[in-house]
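Visitor: I've got a bit of time before my next gel. Could you walk me through this one?

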Amino acid sequence: MREQKQTYNNRASSHHCHGIENKPIELYMFVDPLCPKCWALEPVIKKLQIEYGRYFSIKHILSVRLTSLNLGSKKNYESVAELWEKTASRSGMSCDGSLWLENPISSPYLASMAIKAAELQGRRAGIRFLRKIQEIIFLEKQNVSDVAVLKECAKSVGLDVEEFLADIHSNSAAKAFQCDLKITSEMEINEIPALVFFNQRIEEEGIKITGCYPYEIYVQILEEMLQEKPERAEPPSLEVFLKHFKLVASKEVAVVYNLSINEVEKEMKKLLLKQKVEQIPAKHGTFWRYKEEE
């Protein structure tokens, strides 16, 4: 289920790339914006951040070379489409595989450079942009090989668009991306999503877990690394949650609030009647967008 690795040297070199936050645990999250399993892990990561976010910081590391190996021919596009559909029906996080049959993404690299360009405007800006990229790929079937699509993404999450467009092709973004690929290689990440947990005691081993597991497994690892039972924070009100994340799946709400999908739909319909949210139908399940007050 998980692997323990001594990663002291790798960790030191990756700190040079990413910097450190003053929390007891560091969590390196290896993602590919085109990977449906990374998308499927979103509900669990949200819950972990809400309940135990005071104990850890997350650093997103791009590992796009893994899915790019699958692209390039009609047969491969068909197999990627099939994987998307299977992952969506299993996880409840919708992703529409027909993108690969109708408007296939020719190269994942431009999207990765765009994420690194967004990160140059701050870590939170980078996280907002990554999430937006995932939304437009999995829900809207847009082609992120197109600079115009990326520009709209940047605009919608409040980036300085001119700066962003200049940074996509900059040495700074290229170096940051190469740094991510180097960390992926050093830590021997061969499957994504992958999470590597480190604590502040730098002489101790990190714990690496690849794939998607039940929420309790991640909490168990936190407990093991902290050597104590962490104090769980209560989630905010549903409306505050929606206002913060802007667009969420019924599945994300269900996981964070320990509700069934039916219970989520009932709660969301109350907010729909109050015109606080709008319903976004998806191929698998439902998404909800918070309506900003005018």
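Visitor: What share of the accessible surface of the protein chain belongs to carbon and sulfur atoms?
Guide: Keep in mind that this is a predicted model. The accessible surface of the chain adds up to about 14100 Å². Carbon and sulfur atoms hold 49% of that.

Visitor: And how many helices and strands does the secondary structure come to?
Guide: The chain has 294 residues, and 52% of them are buried. Among contacts with a separation of 6 or more, 71% join residues 24 or more positions apart. As for the secondary structure, the count is 15 helices and 8 strands.

Visitor: Which residues touch the most other members of the largest nonpolar core?
Guide: That core has 81 residues. Its largest share, 8 residues, comes from helix α12 (residues 215-226), and it takes at least three residues from each of domain 1 (25-69 + 77-187) and domain 2 (238-290). The residues touching the most other members are Phe30, Phe129 and Phe197.

Visitor: Pick Phe129, then. Which residues is Phe129 in contact with, leaving aside neighbours within four places in sequence?
Guide: Let's go along the sequence. On one stretch there are Ala114, Ile115 and Ala118. The rest of the list is Leu150, Cys153, Ala154, Val157, Leu159 and Phe164.

Visitor: How many residues are in the second, separate core?
Guide: Leu238, Val248, Ala254 and Tyr290 are included in that one. The second core has 15 residues.

Visitor: Ala254 sits in helix α14. Why is α14 said to be largely enclosed by the rest of the structure?
Guide: Helix α14 covers residues 250-257, and its buried residues are Ser250, Glu252, Val253, Ala254, Val255, Val256 and Tyr257. They pack against α3 (42-52), α8 (123-138), α13 (238-245), β6 (247-249), α15 (261-273) and β8 (286-290). The helix counts as largely enclosed because the buried residues number 7 of the 8.

Visitor: Now α5. Within what arc do the buried residues of α5 fall, seen down its axis?
Guide: Helix α5 spans residues 74-91 and reaches 26 Å from its first C-alpha to its last, close to the 26 Å expected. Its buried residues are Tyr77, Val80, Ala81, Trp84, Glu85, Thr87, Ala88 and Ser91. An α-helix has 3.6 residues a turn, so residues three or four places apart point the same way. The buried residues of α5 line one face of the helix, because they fall within an arc of 165 degrees.

Visitor: Which exposed residues are on the face of α5 turned away from its buried side?
Guide: The buried residues of α5 pack against α2 (36-40), α6 (99-102), α8 and α14. The face turned away from them carries the exposed residues Lys75, Ser89 and Arg90.

Visitor: What about α15: which of its residues are exposed on the other side?
Guide: On the buried side are Val264, Glu265, Met268 and Leu271, which fall within an arc of 120 degrees and so line one face of the helix. Their cover includes α13, α14, β7 (277-281) and β8. On the other side, the exposed residues are Asn262, Lys266 and Leu273.

Visitor: Is Ser63 buried or exposed?
Guide: Ser63 lies in the loop between β3 (56-62) and α4 (65-68). Beyond its sequence neighbours within four places, it is in contact with Phe30, Val31, Asp32, Thr184 and Ile192. With buried meaning under 20% relative accessible area, the 0% of Ser63 makes it buried.

Visitor: Ile192 comes up there. Which peptide bond from Ile192 is cis?
Guide: Most residues other than glycine have a negative phi, and most peptide bonds are trans. Here omega is near 0 degrees, and the proline involved is in the loop between α11 (171-186) and β4 (194-199). The cis bond runs from Ile192 to Pro193.

Visitor: What is the relative accessibility of Glu188?
Guide: Glu188 is in the loop between α11 and β4. Although not a glycine, Glu188 has a positive phi of about 55 degrees. Glu188 counts as partly exposed, and its relative accessibility is 45%.

How values were computed
Residues numbered from 1 in each chain as written. Predicted model: local features only at pLDDT ≥ 70, side-chain atom pairs only at ≥ 80, totals over all residues. Heavy atoms only, no water. Buried < 20%, exposed > 50% of the residue type's maximum accessible area, 1.4 Å probe, protein only. Helix = DSSP H or I, 4+ residues; strand = E, 2+ residues; numbered from the N terminus. Contact = heavy atoms within 4.5 Å. Expected span 1.5 Å × (residues − 1). Arc of directions from axis to C-beta. Areas by Shrake-Rupley, 256 points an atom, 1.4 Å probe, with all protein chains shown as cover. Core = buried A, V, L, I, M, F, W, Y, C linked by side-chain atoms within 4.5 Å. Domains from an automatic or database assignment.
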